[in-house]
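Biologist: Could you take me through one part of this model up close, and then work outwards from there? I'd like the cut-offs spelled out as you go.

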Amino acid sequence: VLDWYLSTITEDYSSVKPCGKKLALPHPYHTLRTSRMSELLPKMTNKLILNYLGDAVIYSSDLQLLDCPTEWLNSDLIHFHFLRLQNEPHLVVGSDTKLGKGKHPNIDCLFLDPTVISFIMHQLDESDEDEVSNLILAWKLPPPNNDSKQQQQQHHYEIKRIFVPINDQHKSSYMSYTPGQYAGGTHWSLLVIDIIITATPKNDEAKPEVQFYSFDSHRGCNISAANAVASKMYSLFQQHYSSLEKDGVTTVNVIDCEALQQNNGYDCGLYTLGFAEALLRLSNEGGSGSSNGLLDKKAIESAFTSYMNDMGGQLNFASNLRRRIGDDIRKLALEYQQSK
C-alpha cells in the first residue's frame, strides 16, 4: 500500500520551499500534509486524535499547524472548521444566541469539503447522471417545483447559501501537475454562492437566481480558480433547474468583493475561515442586508468590521482564530479519546 501511495505522488519536491505546506491534492480522498518527500513517512505515522462526526479526521500534525503561527492551513483543517460551522453555527463569535442554533429560518447554509471541490473539478463526469444527482441530493438544494411548505413562508424567497473553499490548484487540470510544482496549491480563498428562490404559484417551476461572490485576502490571486469552480457549479445547477439550462448561459459572473487583506504569506486559510464566519453570522442574523436576499456591499463591510472587532482587531484576528480552533480540536479530541 505504501509503495502504491508513493507512486501516486509527484516524485521531485526538492524545489519546494520548506513553508510550502500542501493544501489539497488533486485526488479528492487524500491530503498530503507536507511538501517534503523526506517527511512523508514520519507524517504517515501521525497519531489520529479526532474523528469528528465520522467525516473530519484530524491528526497530531494538523494540530501542530495551528500551534505554529506561520504555518499554512491544510484541507483537513479547513474541512474540520467548515463542518463545525455547518453543525454548530452558534459557536461563531458574536452570534445571536436568540436564534437557537444560529440558523436563520429563510437561509440554509452549506459548507463544502475542499476534497469535494477537487473531485468536482478534476474527476467528476458531468454526463454521469447518478453522480450528479447524488451531489445535488447531498446539498439539499431547493426543489425545482414549489410545494405548500414554501408557499407558507413569510418572505418571498428562500436562500441556499453555499460556502466553497477555493484553492488555486482548482483551476488546473488533473494532468497538469509537474515535478517541482506546488501540486497541492498555495493559496486559499472563499467563494460564496447564493441560490435565491422566488415564490411562484404552487407546482410552477421555481425561478432561481444564482450569484457568485469571491472573497480573497490577496485580492485577485484566486479569481481564475474561483471562476473555474463557479462555472462548474453552475453547470451542475443547470441540471437541477431546467430554467437555468434554458437560459443558455455558459459563463458566469463572479463578483470580486472587497475583503480585508492579509499582510503576510501564511494566513490565507485563516482569512478564508474568518470570512466564512463573518458571513455566516450575517446569514444567521438576517441574511444579506438587502430586500431581495442578495448580499449587499455595505452589509458585507459592516459584517467584516464587526467580526474583526469581536476577534480582537485585524492584527490579532488570525492568532486568536488559530488558538480558538486549536482549543476546539483539543476539547473534542479529549472527548473522542474518552469515548473509545
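Modeller: Let's start at Glu71, which counts as buried at 18% relative accessibility (buried is under 20% relative accessible area, exposed is over 50%, and partly exposed is in between, with a 1.4 Å probe and protein chains only). Before going on: this is a predicted model, where local features need pLDDT of at least 70 and side-chain atom pairs count only at pLDDT 80 or more, while totals for chains, interfaces and linings use all residues. Residues are numbered from 1 along each chain as its sequence is written, and side-chain values use heavy atoms, with hydrogens and water left out.

Glu71 sits in the loop between helix H3 (60–67) and helix H4 (75–87); helices (H or I, at least four residues) and strands (E, at least two) are DSSP runs, numbered from the N terminus. Its C-alpha lies 9.4 Å from that of Gly265, although 194 residues separate Glu71 and Gly265 along the chain. On long-range pairs generally, 74% of the chain's contacts between residues at least 6 apart in sequence join residues at least 24 apart, a contact being heavy atoms within 4.5 Å. The chain has 12 helices and 7 strands, and 53% of its 340 residues count as buried.

From Gly265, move on to Cys268, another buried residue, at 4% relative accessible area. Cys268 is in no disulfide, and the nearest cysteine sulfur, on Cys221, is 8.3 Å away; a disulfide is a pair of cysteine sulfur atoms within 2.5 Å. The structure holds 0 disulfides. Cys109 is buried too, at 12%.

Residue 268 also begins H10 (residues 268–285), which packs on H11 (residues 297–310) at about 115°, with the axes 9 Å apart. Axes here are lines fitted to C-alpha atoms, for helices over the stretch in contact, and angles run from 0 to 180 degrees between N-to-C directions. That makes H10 roughly perpendicular to H11 (65 to 115 degrees; under 35 is roughly parallel, over 145 roughly antiparallel, and the rest oblique). H10 brings residues including Tyr271, Phe275 and Leu282 to the contact, and H11 brings Ile300, Phe304 and Tyr307 among them. By class, the H10–H11 contact has 11 nonpolar, 2 polar and 3 charged residues, where Ala, Val, Leu, Ile, Met, Phe, Trp, Tyr, Cys and Pro are nonpolar, Asp, Glu, Lys and Arg charged, and the others, Gly among them, polar.

Another helix pair to look at is H6 (residues 129–139) with H8 (residues 223–240): their axes come within 10 Å and cross at roughly 90°. So H6 is roughly perpendicular to H8. Val132, Leu135, Ile136 and Trp139 of H6 meet Met233, Leu236, Phe237, Gln239 and His240 of H8. That contact divides into 7 nonpolar, 2 polar and no charged residues.

Past H6, Lys140 lies in the loop that leads to helix H7 (148–151). Lys140 isn't a glycine, yet has a positive phi of about 55°. Most residues other than glycine have a negative phi. Lys140 is exposed, at 64% relative accessible area. Leu53, also not a glycine, has a positive phi of about 60°. You'll find Leu53 in the loop between strand E1 (48–52) and strand E2 (56–59), where it is exposed at 55%.
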